[in-house]
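Subject: Structure for you to look through

Dear colleague,

I am passing on the structure we spoke about, and below it you will find my notes on what turned up. Please keep it open while you read.

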Amino acid sequence: METIEQHSGKPVKNGLARNLKRFKAFFLAIPELLLLGLGIVLIGPLPRGIERWLGRMVGLSFFRFHRRYRRVARQNVDLVFGDRLTDREKTAFIQKCFLHAGQVVVDYFWFSYRVGKRISTYCEFGDESARRWVTESFPGIFCTAHFGNWELGGHFISQHGRHLSSVFKSVGGNAVSKMLRHFRGSSGQHVIERKGAMKGVVRALRANAVVAMLLDQHTELTDGGIYLEFFGLPATFSQSVGVLSYRLKVPILIAAMVYDGERDRYVMRTIREITAETAASMTPESITCAIRDGFEEMICRWPHQWLWMYRRWKRFRLCDDSTRFPSYARLDGYSTMETPCLPGKPAELR
């Protein structure tokens, strides 16, 4: 009989496993740094047309050779679209998602070269709410997802002289994480480590800054996550933004840096705005629900620009029907039979 620990996806780490992980990180750091450095040196000076072609080739390579990511994306697409798309349409949709992801990766290197000039040329405001949040001075939380080009959004805000702090979670190897920190810091952003980030976020808000946070990631119950219906299936969301906005009475902008392929422009578009007065009249959980609704709207409007290859529905509770979840999902070892399981309605993809 399998135990909760076996299902939870949290294996117990012994000393040998920790040492092997450290050795792997050290071993990979040198080639990672070399590849990242070469990426900036080789891709940075390229003309935009050639760089876009390269982004397409990178996306196609991801699609053809990364079977695991392709399989995760297919399961997520099946979950959200159901039988509204044929198999051929789903394959074409996933390929388009990988093409967009490839462009975002290559753009990371390209925009690292002549940052100011390129951002002023290829990035713009899509509405007055986004412009006001960037050009005026007041504390607020800029809430976005792994959507469009989320890293470029921070650069765009900082380029306008707005004091911005962003919460950062290490990804990949140490070299990749250091390069991402450098990419954010080079624009003037203040980077706050995700672990123990609350103090730094409160300090930034009290200094009249905007704090950027990515909230579409899985958050464990022990880290303050709560289960909400996301496209009709439970997924965890962090309540951190809801708690901060409610307690400190600061506004929230749910927005994204959306790519307009026809014009080759990244456009900062507002999805929803929660004023400080509205937030004060809500609960942290209802604010989190409003953010979830904003993310669903964002994905419905520009579906191929979300990171579909991310394992978003990675846990289910004891009270959930496990057959409705993707095969990568595991039982949440911290859930109990008393964990509330509320029915929800799937969002309609437009």
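How many residues line the largest cavity, and which of them lie nearest its centre? The lining is made up of 18 residues, and those that lie nearest the centre are T144, W150, G154, A212 and L214. Please bear in mind, here and in everything that follows, that this is a predicted model.

To put that cavity in its setting, the chain has 350 residues, of which 50% are buried, and its fold contains 13 helices and 11 strands. Among contacts between residues at least 6 apart in sequence, 73% join residues that are at least 24 apart.

First, the empty spaces. Rolling a probe the size of a water molecule over the atoms shows where empty space is left. The structure holds 2 cavities of 30 Å³ or more, and the largest of them has a volume of about 180 Å³. Two or more residues of its lining come from each of β2 (140-144), α8 (150-159), β3 (164-168), β5 (210-214) and β8 (252-260), with α8 giving the largest share, 5 residues. By character, the lining of this largest cavity divides into 10 nonpolar, 6 polar and 2 charged residues.

The second largest cavity has a volume of about 40 Å³, and the residues that line it are A130, W133, V134, F142, I157, R162, V210, L253 and M268. Helix α7 (residues 128-135) provides the largest share of that lining, 3 residues, and the lining as a whole consists of 8 nonpolar residues, no polar ones and 1 charged one.

Next, the aromatic rings. A pair of aromatic rings is described by the distance of the centres and the angle of the planes. The structure holds 20 aromatic pairs, and one of them is formed by F93 and W308, which meet edge-to-face, with 5.5 Å from centre to centre and 80° between the planes. This pair links distant parts of the chain, since F93 belongs to helix α5 (residues 87-110) while W308 lies in the loop between α13 (284-301) and β10 (315-316), 215 residues apart. Both F93 and W308 are buried.

What is the arrangement of the rings of F125 and F156? Their centres are 4.9 Å apart and their planes stand at 55°, so the pair counts as tilted. Because F125 lies in strand β1 (residues 123-125) and F156 in helix α8, the pair ties together parts that are 31 residues apart in sequence. F125 is buried, with a relative accessible area of 14%, and F156 is also buried, with a relative accessible area of 2%.

Ring pairs also link F81, F93, F230, F231, F237, W306, W308 and W313 into a cluster, so you will meet F93 and W308 again there.

Two rings have a charged partner as well. R48 lies over the face of W110, at 4.8 Å from the ring centre, and the charged end of R70 sits over the ring of F63, 5.6 Å from the centre of that ring.

Last, helix α11 (residues 240-248) has S240, V241, G242, L244 and S245 among its buried residues, and the helix is followed by K249, whose phi is positive, near 55°.

With best wishes

Methods: Residues are numbered from 1 along each chain as its sequence is written. This is a predicted model: local features need pLDDT of at least 70, side-chain atom pairs count only at pLDDT 80 or more; totals for chains, interfaces and linings use all residues. Side-chain values use heavy atoms; hydrogens and water are left out. On a 1 Å grid over the protein atoms alone, a cavity is a set of points where a 1.4 Å probe fits but cannot get out, and a pocket is an open set with protein on both sides within 12 Å along at least five of seven lines; lining residues have an atom within 4 Å of a point. Grid points are joined across faces, edges and corners, and a volume is the space filled by probe spheres set on the points. Helices (H or I, at least four residues) and strands (E, at least two) are DSSP runs, numbered from the N terminus. Ala, Val, Leu, Ile, Met, Phe, Trp, Tyr, Cys and Pro count as nonpolar, Asp, Glu, Lys and Arg as charged, and the others, Gly among them, as polar. Buried means under 20% relative accessible area, exposed over 50%, partly exposed in between (1.4 Å probe, protein chains only). Rings of Phe, Tyr and Trp (its six-membered ring) pair if their centres lie within 6.5 Å; planes under 30 degrees apart count as stacked, over 60 as edge-to-face and the rest as tilted. A charge sits over a ring if NZ of Lys or CZ of Arg is within 6 Å of the ring centre and within 35 degrees of the ring normal. Contact means heavy atoms within 4.5 Å.
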